[in-house]
Each structure stands twice: as structure tokens, then as C-alpha cells.
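Student: Got a minute to walk through this one with me? I'd like to start with the strands.
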Amino acid sequence: MSGPTRKKGPSAPPVLSRRLESRSFDDFIDAVQDASIGGSILRKEDRPWRLASHALGAALVQSCENGAPSVSEVQVAPDRTGLLVLAPEAPPRFVDGREMGADAVNLLRPGALVEVSTPIPTAWLSVTASPDAVAREAALLAGAPLGSTPVPTVSLIRNPAEVARLRALLLEVTGTLDATAAALHPEAVANMDRTLLRALAGVTLDSSSGGERKRPLRVERPAAFRSIFEFLRTLPPGPV
């Protein structure tokens, strides 16, 4: 006689997804994960802010469409690192006063404070993870002991071929997750997570070794941009 049938408890979904579509800048900045954002829109436009995020395991992928021109200060979480690229044909934005176009990748270092200006609403894709997870993949890629990977010293890198490869990977991942996240097999999600970590580790290694640059990028904050933030700090709190 067969024994009693065991009931399996509900399994956790392999991907945790969130989506936001709102005309409120405050709703958008509250929804962004792995960073805190403060700032203001420059003018209202008749278009929504859109954000989709997918947590796979160690990696978190986010894609965004800005709803209006804005200036903001972005504080990366101290226990997260990552990168950000613009979506295809998206208008440029400015990172610490330096123009970021389609040929650039923005490195998100743990705890970094970055000033971002988007004179024209743009769109971007990002991947973030814990520094330890990235360091493990970087050690495997470099064939070096864990913990020997240096921390990147730059925030903006221009490398058209590498950025195009990263953009294609993030578009493929977000497209798959937007369409079939709930139906993906856990093993497929794990492979996707590992691929994202390896891509992030590769960029970390390239930026740490200097790549094509002779020295770290150093950009002085423009006086006009700095004065905008000084003015914004004087405004009373309230919805935008």
C-alpha cells in the first residue's frame, strides 16, 4: 500500500517583477530600487513615467522611460553596484556634467553620489547586484583570488562596441522577462542571472584595468548645475 501523498508548499516565483506607470515623479523615484533619488522635474509633459524591475537572484534589472526633463541626485545603495546604459535611440543625459550618449556606460559604484540631468526625457536600462556577487564572477573571469579585484575609479566609460553588447543583452533579458517572467524555469532564470553577473564583472575588470583611458575621468560640477540643486534644497517638501 502506498504511503500518504505529500503536499508540496507553494514555491517562490523565480523572478520578482514590479511595474510602474505614473505621471508622478515622486512615485517614480520611490519605485526605483538600489538607489535613492532626490530632485525635481524641469517642466511637466503629457507622458507617464514607466519603470519595470525584475529581481532574478543576485542581479536586479530595471528599465525606465522618463516622463519629463529633470535634474536629480542619485545615491547608489552602499551594498549594491552596477551599470546603466541608454535605451536604443534615447536622447542623451548628463552625469556629473558630462554628456552620456549611446556610446557610454555609467558605472554605479557602491555608495556613489551622482548628479544627473535629463534636458530631454530619455530611457535607460540598468543591472545591479551585490559587490560580493560581482567580485566572485570577476575573480573567475580574471583567474585571480577572490577579493583581489580593484574597485572601479570612474563613473562614465565610452566604448561603443562594449556598450552595444551590453545594451543588446539587457534588451534581450528585459524583453524575455517582460513577456514570460512567470513561466520561466528556475534553471533558465539562474543562467540569466549568471550571464548578467558575468557581464557586470567584465565591465568592472575593464574599468579597473584602465581600458583605453590614461587616467580616471574627473569632471568639475558646473556652477549652473550646482546652483539648481542649491535652489531645490530650499523648496518645501511636497508632491511634484
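Tutor: Sure. Keep in mind that this is a predicted model. Start at the hairpin: four residues link β3 to β4 there.

Student: How do β3 and β4 pair, and over how many bridges?
Tutor: Antiparallel, over six bridges. β3 covers residues 49-55 and β4 covers residues 60-65.

Student: Which residue stands opposite L60 of β4?
Tutor: A55 does.

Student: What about β1 and β3, how many bridges there?
Tutor: Seven, again in the antiparallel sense. β1 is residues 16-22. One residue pair to look at is R18 with its bridge partner S53, which sits in β3.

Student: Is β3 mostly covered or mostly open?
Tutor: Mostly covered. Of its seven residues, five are buried.

Student: Switching topic. Where does M192 lie?
Tutor: In helix α4, which spans residues 186-209.

Student: Buried or exposed, and why?
Tutor: M192 counts as buried because its relative accessibility is 15%, and the cut-off for buried is under 20%.

Student: Which residues does M192 touch, leaving out those up to four places away in sequence?
Tutor: L56, V173, T176, L177 and L184.

Student: And L169? How far is its C-alpha from that of M192?
Tutor: The two C-alpha atoms are 10.0 Å apart. Along the chain, L169 and M192 are separated by 23 residues.

Student: Give me the short version of M192 again.
Tutor: M192 is a buried residue in α4, and its contacts include L56 and V173.

Methods: Residues are numbered from 1 along each chain as its sequence is written. This is a predicted model: local features need pLDDT of at least 70, side-chain atom pairs count only at pLDDT 80 or more; totals for chains, interfaces and linings use all residues. Side-chain values use heavy atoms; hydrogens and water are left out. Helices (H or I, at least four residues) and strands (E, at least two) are DSSP runs, numbered from the N terminus. Buried means under 20% relative accessible area, exposed over 50%, partly exposed in between (1.4 Å probe, protein chains only). Contact means heavy atoms within 4.5 Å. Two strands pair if DSSP finds at least two bridges between them.
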